[in-house]
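Q: Please take a close look at one pocket of this model and at the part of the protein around it. I should like a connected account suited to a first-year student.

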Amino acid sequence: MSAIEHRPLAMKAAKAAKEPKPWTGRHLLYALLGFFGVMLVANVIFITLALDTFTGVTNKNAYQDGLNYNQRLEAAAAQQALGWTGALTVESGQLSLALNDAQGAAVTGLTLQAELRRPTNEIADITLPLQEMLPGVYGAALDLPYKGNWNLMISGQAADGTPFETRTRLWLD
């Protein structure tokens, strides 16, 4: 026999070897484990990223603040009754607040602090003590890590215990 005669037999043997194996329960098990494994890994990645970027908690004492809401409203009404007015300026890396009472006299002797909060990233939050630079003018050097939107809350009290609080939103360039 020559080599030409053996070729058809070799081709038949190659075709027989290439026939697909039947689909078994083991194949189905591997397919399901692979599918759900990929889904599990993707979910773990997304959950980890979500929790690391924003915790969802904007106030750690939200429940207690809710219980004290009426006292907070009373304190705001008492502050409004004082008639204090303020002028806030942010210039050349300096935050300053000028406070005057209802008669226009400077409000002196306050202990104030400023909290600058970044709405999108609590890691960048800054607390600054404000010093009385001139009578009724309180300020601090301001060096923020980011430009843009900031929430500013200034709070404190006078020597006689009179509380003061003001909140505003700043856009800094």
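A: In this predicted model, strand S7 gives the largest share of the lining of the second largest pocket, namely four residues. The pocket itself has a volume of about 170 Å³. It is lined by 13 residues, and those closest to its centre are Gly 86, Leu 97, Phe 164, Thr 166 and Arg 167. Besides strand S7 (163–172), the elements that contribute two or more residues to the lining are strand S1 (85–91), strand S2 (94–100) and strand S6 (148–157). Sorted by class, the lining consists of seven nonpolar residues, five polar residues and one charged residue.

The account now turns to the nonpolar core. The largest nonpolar core comprises 24 residues. Within this core, the residues with the most contacts are Leu 99, Leu 110, Leu 112, Leu 116, Leu 130 and Ile 154. At least two core residues come from each of S2, strand S3 (111–117), strand S4 (126–134), strand S5 (137–141), S6 and S7. Leu 112 offers a link between the two topics: leaving aside residues up to four places away in sequence, its contacts include Leu 97 and Phe 164, and both of these are among the residues closest to the centre of the pocket. Leu 112 also touches Leu 99, Pro 129, Leu 130, Tyr 138, Ile 154, Ser 155 and Gly 156.

One further element deserves mention. Helix H4 covers residues 69–82 and spans 20 Å from its first C-alpha to its last, close to the expected 20 Å. Just after H4, Gly 83 adopts a positive phi of about 80 degrees.

Key
Residues are numbered from 1 along each chain as its sequence is written. This is a predicted model: local features need pLDDT of at least 70, side-chain atom pairs count only at pLDDT 80 or more; totals for chains, interfaces and linings use all residues. Side-chain values use heavy atoms; hydrogens and water are left out. On a 1 Å grid over the protein atoms alone, a cavity is a set of points where a 1.4 Å probe fits but cannot get out, and a pocket is an open set with protein on both sides within 12 Å along at least five of seven lines; lining residues have an atom within 4 Å of a point. Grid points are joined across faces, edges and corners, and a volume is the space filled by probe spheres set on the points. Ala, Val, Leu, Ile, Met, Phe, Trp, Tyr, Cys and Pro count as nonpolar, Asp, Glu, Lys and Arg as charged, and the others, Gly among them, as polar. A nonpolar core is a set of buried Ala, Val, Leu, Ile, Met, Phe, Trp, Tyr and Cys residues joined through side-chain atoms within 4.5 Å. Buried means under 20% relative accessible area, exposed over 50%, partly exposed in between (1.4 Å probe, protein chains only). Contact means heavy atoms within 4.5 Å. The expected span of a helix is 1.5 Å times one less than its number of residues.
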